[in-house]
Amino acid sequence: MENSHQPCNRMDWDKLGYDVIPTDYMYMMKSNKDGIFSNGALVPFGNVQIEPHSCVLNYGQGLFEGMKAYRRADGGVQLFRPEQNALRMQRGAERLLMAAPSVQQYIEAVKQVVAANKSWVPPYGKGALYIRPLLFGSGSVMGIAPAPQCTFLIYTNPICNVYKGRTSPLNLLIDDRIPRAFPGGTGGVKNIGNYSPVFEVTKEAKGKGFSDVLFLDAMERKYVEEVSSCNAFMVKGNVITTSPTVGTILPGITRNSIMELARDFGFQVEERKFSVDELLEADEVFCTGTAVGVSEVGSVTYKDQRVEFKTGKNTVTQKLYDFITGIQTGVLEDQKGWVVKID
């Protein structure tokens, strides 16, 4: 796909990948000196003016969210649990001392920007419109301090169904040298500074043929935490286990939804610390996230040991993938009130 801004009627949806594709509109709203957001508006997609003294440029005061708008078979468009993203942004803003939009403001802004870019939502089965809400300290500061003004910005980008074009199960490398997050840090919120510190180690892993890195805890370097951009689960018999959200694990919306669906199916779901040794004895391993959806893990490599896991049809992972994807795309009835339709 080209990175230039091309009309959506020229898109070849069958060749949609995971590339930069600007859409027509974005949404912007700023806070006042009292931390209240107002006068948000759609604006044509384009560059953003920002002061060199802004807190986000100097001290990294910023958050982002990730969402998708899905095209149903009847041509309609819908969102998946947007209020959960709004609440997570509020928690992150509290951690970084930023003003945040209300849940109602957040959802209304997302609805507006998706409706304005509705023609960019791929046809049913061809992908989704990725939605990227940003909240950052745009106000100017000289010393180390929170910004006096924050900006809430949302842009969109169509993407394919397969994360970064991957068509096979994930092959993960456990790297115990560099933790992703530390106790007392910001691993539990979508802080923009959480991601670039792992660029180097993930680049090394991909250079060796791995899909991504599975990180361990910072203290003992033995307990499984997260992949660079998604939560991790293991399946053993009727038990599905994932790490607890105790400050170093991001409370993923897909993660929480999968846990609820798994319990509905009769699985025993555990949130607890589990070691690498336990992981390597699992029947299945999978990852969850907005971008990756529910992705099966084919193998995990730790030191010189490579262990393969069950993948494909008739797996727990496939069952959960089919069900949550069915709800998100309107194939299955939403009995939980998770879907918000864009009229």
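**Exercise 1. Place Leu97 in the chain and decide whether this residue is buried or exposed.**

Solution. Start with the location: Leu97 sits in the loop that joins helix 2 to helix 3. Keep in mind that this is a predicted model. Next, look at the backbone: the phi of Leu97 is near 55°, a positive value in a residue other than glycine. For background, most residues other than glycine have a negative phi. Finally, check the surface: the relative accessible area of Leu97 is 61%, so this residue is exposed, the cut-off being over 50%.

**Exercise 2. Carry out the analysis for Arg81: where is this residue, and is it buried or exposed?**

Solution. First, find the loop between strand 5 (77-80) and helix 2; Arg81 belongs to that loop. Then read the backbone angle: Arg81 has a phi near 50°, which is positive although the residue is not glycine. Last, turn to accessibility: with a relative accessible area of 10%, Arg81 is buried, since buried means under 20%.

**Exercise 3. Describe how helix 2 and helix 3 pack.**

Solution. Two quantities are needed, because two packed helices are described by the angle between their axes and the distance between the axes. Here the axes of helix 2 (residues 82-95) and helix 3 (residues 103-116) come within 9 Å, crossing at roughly 125°. That angle makes helix 2 oblique to helix 3. The handedness comes next: the crossing is right-handed. Now list the partners: helix 2 contributes Pro82, Glu83, Asn85, Ala86, Leu87, Met89 and Gln90, while helix 3 contributes Val103, Tyr106 and Ile107. Sorted by character, the residues of this contact are seven nonpolar, two polar and one charged.

**Exercise 4. Find the surroundings of Lys190, and say what the UniProt record has on this residue.**

Solution. Begin with the record: an unreviewed UniProt entry annotates Lys190 as "modified residue: N6-(pyridoxal phosphate)lysine". In the model, Lys190 lies in the loop between strand 8 (170-175) and helix 4 (199-207). The relative accessibility of Lys190 is 12%, so the residue counts as buried. Leaving out residues up to four places away in sequence, Lys190 touches Gly62, Leu63, Phe64, Glu65, Gly66, Arg88, Tyr195 and Leu250.

**Exercise 5. Which residues does Ser138 touch, and is Ser138 buried or exposed?**

Solution. Locate Ser138 in the loop between strand 6 (128-137) and strand 7 (150-159). Its relative accessible area is 11%, so Ser138 is buried. Then collect the contacts, not counting residues up to four places away in sequence: Ser138 touches Lys30, Ser54, Ala147, Gln149, Cys150 and Thr151.

Terms used: Residues are numbered from 1 along each chain as its sequence is written. This is a predicted model: local features need pLDDT of at least 70, side-chain atom pairs count only at pLDDT 80 or more; totals for chains, interfaces and linings use all residues. Side-chain values use heavy atoms; hydrogens and water are left out. Axes are lines fitted to C-alpha atoms, for helices over the stretch in contact, and angles run from 0 to 180 degrees between N-to-C directions. Helices (H or I, at least four residues) and strands (E, at least two) are DSSP runs, numbered from the N terminus. Angles under 35 degrees count as roughly parallel, over 145 as roughly antiparallel, 65 to 115 as roughly perpendicular and the rest as oblique. A crossing is left-handed if the near helix is turned anticlockwise from the far one by less than a right angle, and right-handed if clockwise. Contact means heavy atoms within 4.5 Å. Ala, Val, Leu, Ile, Met, Phe, Trp, Tyr, Cys and Pro count as nonpolar, Asp, Glu, Lys and Arg as charged, and the others, Gly among them, as polar. UniProt positions are given in the numbering used here, feature names are shortened, and annotations may be inferred rather than shown by experiment. Buried means under 20% relative accessible area, exposed over 50%, partly exposed in between (1.4 Å probe, protein chains only).
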